[in-house]
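Reader: I've got a model open and I'd like to learn how to read it. Could you walk me through it?

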Amino acid sequence: MIERRPVANLVSHFLLVIGVLVMAFPIYYSFVASTRTVAEILTPPLPLWPGAHFVDNYVQAFTGSLHRIGGVNLGTLLFNTTVVALAIAVGKIIISLLSAYAVVFFRFPGRMLFFWMIFITLMLPVEVRIMPTYQVMVDLGLIDTYTGLTLPLMASATATFLFRQFFLTIPDELVEAARIDGAGPLRFFRDVLLPLSKTNIAALFVILFIYGWTQYLWPLLMTNSNDMNTILIALRKMVSFADADTQWHVVMVTTILALLPPVLVVVLMQRWFVKGLVESEK
Amino acid sequence: MATIDMRNVRKSYEQHEVIHGVDVRIADGEFIVIVGPSGCGKSTLLRMVAGLEEVTAGEIAIDDRVVNDIEPAHRDIAMVFQNYALYPHMSVFDNMAYGLKIRGTPKDEIRRRVDEAAAMLELGHLLERRPRQLSGGQRQRVAMGRALVRAPKVFLFDEPLSNLDAKLRVQMRLEIQKLHRRLATTSLFVTHDQVEAMTLAQRMIVMNAGRVEQVGTPHEVYQRPATTFVASFIGSPPMNLVEGTLEADGLRFRCTSGDHIDLPQARHDLVGRALVLGIRPEHLLPADDGLVLTVQLVESLGAESFIHTRLGEAGPELIVRAGGLAALRFGELVSYRLPADALHWFDATSGLRIDA
Amino acid sequence: MRRTTFPNKVLPYLLLAPQIAITLVFFFWPAGQALWQSLYREDPWGLSSAFVGLDNFTRVLTDPNYLHSLQVTAAFSAATAVLALAAGLLFAVMVDGLSRGKRIYQTLLIWPYAVAPAVAGMLWLFLFSPAMGTFGILLRRAGVAWDPLLDGTQAFLLVTVAAAWKQVSYNFIFFLAGLQAIPKSLHEAAAIDGASPLRRFWTVAFPLLSPVSFYLLVVNIVYAFFDTFGVIHAVTGGGPAKATETLVYKVFNDGYVGLDLGASSAQSVILMAIVIALTAVQFRYVEKKVHYA
Ligand SMILES: Nc1ncnc2c1ncn2[C@@H]1O[C@H](COP(=O)(O)OP(=O)(O)O)[C@@H](O)[C@H]1O
Ligand SMILES: [Mg+2]
């Protein structure tokens, strides 16, 4: 800093602590609730420290089946969600890498047409084509399948653009050196481009994993059967604020488990996450 | 070992022609430098030889095999780039070995060849490093090493020394010479730096605006520049060039400014033509009754000085090279003579050299 | 434009095939369907459909429910964007000004980004539920007639806060990156000129942040339009009395739940137009950025 400003610094810390409390409190609060009994949860205000039922509740959530959503257990839900998030992230990265590679490193008739086709998908989020997309999925028999849950979300203009942007920064001479060394296009892709894209791939992976994990509308449309639900959809089905027999402690455990993987990814891979976010600019 | 033939080679980008028909034959084992100002098409020509640019018209043959449609990888060439183009994620060893690996060379053979090249370039202790852990000079060596291990028929260099500092450049120049003496591989070396060209070349190709101006040994190019462009491009400071005509006696050269220069020997054959008279700065010799010039400015470098002078009031500027430190002041009058055998004559309209 | 490319003629098509196939089947085909269906009306049994021109659009655009939803969306987007941007900027400025502890605060401020909008909604509802939420109870004890499940304004407030809460992290990261990209020498020059820290912020940092702010504004509006479906669906279901029914929620509700294909498609097409407009605006920003870069 240019000058010492103890008072200003103190004010900053004070405001930030409040900010952190606001940002973190809802999550902390549900963690506290996930360690308490239904009775405790239903007699507010809830104390601000964890209760004694951490182990009980989590064991119950994993071993018992969740009656409101047709006896599916938490393991299945987590498995589904993990599959969906990973498939979307990995699939998107692979598909985008390939198409960005084609657009940047080759000249061929129709190149600009394809580029624009990919670009226009930016303007067609699921939300604006809910019904017809749903029909297509029904016609293709993809409802309640992992394919249906993930494949349509794998085409992404943003990931393609991010890779394209990065590929454009690779010096021509590097490609030329590789050509003179005798590397064909596939070899160049594998030996040079992929290793150089590692940090971009890692950054994008974090963003896309979160994107996949937090999908809501799409799984809502794509799943009828309870055992294909993602954890978010199941969570929504478990909750009823009007209904007295909601198992709130199990709901809270589920909430925490629905939160934990992406939050962990963000916190542990913070560097990649920030890079991925700022560079992809959505 | 290979010859390179370029037969009426042309290159156009879209409708725009940038290489206007180049004809050169390079002998086996020659070290050829392509020199010219930036943008004249040196790299384009080199890249056509490498196979990185398509040849629009004409033919390029390496070892009498026309290579126009042959992939760079199959031309048996190696290239060193100005920015080195090392693979950033590979170690020095892997950078050098990559081309051999792709060609399926056995592992121990790769090891042997890389070690050999590394020893030649004093890179032995750096083999495990990544390019970004190397200095500019070291990277340059790795780029050379990558070309060496392949033992190609032809080495291509595109301004490989331009990114080095002055001292390192001189050192690398010497090393490249040593390597060539040892390997005698046909080499094409592109540079815009005439000193590099003069010191490295066995023969040089001087290019300007997509055309070859002259092909010859450094001596030929320096002593008998084929065009006014070559005369002004090679040599530092450049050759003095003065436009004008010879008077009827063939002895007095009348500059376009109206001033005149008296020649030591009559040239009746040149009377009546629009001419350019050229003389190198070092060939103007002090004389009591010579051409009288007014000093404008003196650049003293210690061992030598460059005296910028003017002929008459508004006449042509002439640069004179003098040994040692010249103690001259602005406006002082100096007198120099022009030895007959040091004069160069060019046709003013075509710019071509006129030989006696 | 890249100078060196590979000469292969077939390979690029193979490389593009997966993305183009998915795009055609899951983007272009349904979008085309939406356009097509928006011009037709099906009979109630779905047996036949008749071309009705722009009738579906007229119907949608004169429907008071739709116009209400448009208003709700506009208010919701504006409120969410302003709240999330202001908080993000405030945190970023505070963190940027710290000499120590930047990293800790950054870590603690970014995790809501990883929370799904639907879960964000549920977390806040859980906190503010009138029956069991600690804050809900506190509000009621303080004499507020708090019940977001029955009171439209309160419901609106709740989903706005939840939606904004989730988005603060995103804005914070971008503002912080923007602030950190401002050369220190600029601050120092202004300090030497005698500008106070607050003044320096308004005269040096803020103008330099304006491209980022503009970009974020568009992103936040797009977020509030589309990505907050989960918040609405999980918390209010568009209620009470349609007080939180945004356009996207309405498309979903009319089409998927209400099965009125023509109207739903017309709404989809209108939404598409809105996205295209927002993207165009965003692109003007990108263009500008390219010019200045
Ligand atoms: N890919 C290209 N497209 C269009 N013009 C080009 C391209 N590459 C080079 N040129 C033009 O060809 C001429 C020669 O370029 P180059 O061979 O790179 O010059 P040099 O290496 O002598 O500096 C220049 O005028 C340059 O603008
Ligand atoms: Mg060049």
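Author: We'll go through the ligand site, then a hairpin, then the two chains. This is a predicted model, where local features need pLDDT of at least 70, side-chain atom pairs count only at pLDDT 80 or more, and totals for chains, interfaces and linings use all residues. Residues are numbered from 1 along each chain as its sequence is written, chains are lettered from A and ligands numbered from 1 in the order in which they are written, and side-chain values use heavy atoms, with hydrogens and water left out.

Reader: Which residues surround ligand 1?

Author: A residue is near a molecule if one of its heavy atoms lies within 4 Å of it. Here the shell holds Y13(B), V18(B), P37(B), S38(B), G39(B), C40(B), G41(B), K42(B), S43(B) and T44(B). Helix α1 (residues 42-50) of chain B gives the most, with three residues; helices are DSSP runs (H or I, at least four residues) and strands are too (E, at least two), numbered from the N terminus.

Reader: And what are the polar contacts of ligand 1 like?

Author: Look for pairs of N or O atoms within 3.5 Å. One oxygen atom of ligand 1 sits 2.6 Å from a polar backbone atom of G39(B), and an oxygen atom is 2.6 Å from a side-chain N or O atom of S43(B). On the nitrogen side, a ligand 1 atom is 3.3 Å from an N or O atom in the side chain of Y13(B). Taken alone, ligand 1 exposes 560 Å², and the protein buries 60% of that (Shrake-Rupley areas, 1.4 Å probe).

Reader: How many bridges join β9(B) and β10(B)?

Author: Strands pair if DSSP finds at least two bridges between them. Strand β9 (residues 203-208) and strand β10 (residues 211-216) of chain B are antiparallel, with five bridges. M207(B) faces V212(B) across the pair. The two strands make a hairpin with two residues between them, and A209(B) in the turn has a positive phi of about 45 degrees.

Reader: How many helices and strands do chain B and chain C have?

Author: Just count the runs: chain B has eight helices and 19 strands, while chain C has twelve helices and two strands.

Reader: What about burial?

Author: Buried means under 20% relative accessible area, with only protein chains counted. That covers 52% of the 356 residues of chain B and 55% of the 293 residues in chain C. Carbon and sulfur atoms supply 49% of the roughly 15,900 Å² that chain B exposes, and 69% of the about 12,800 Å² for chain C.

How values were computed:
Polar contact = N/O pair within 3.5 Å; in protein donor to acceptor, adjacent residues only side chain to side chain. Buried < 20%, exposed > 50% of the residue type's maximum accessible area, 1.4 Å probe, protein only.
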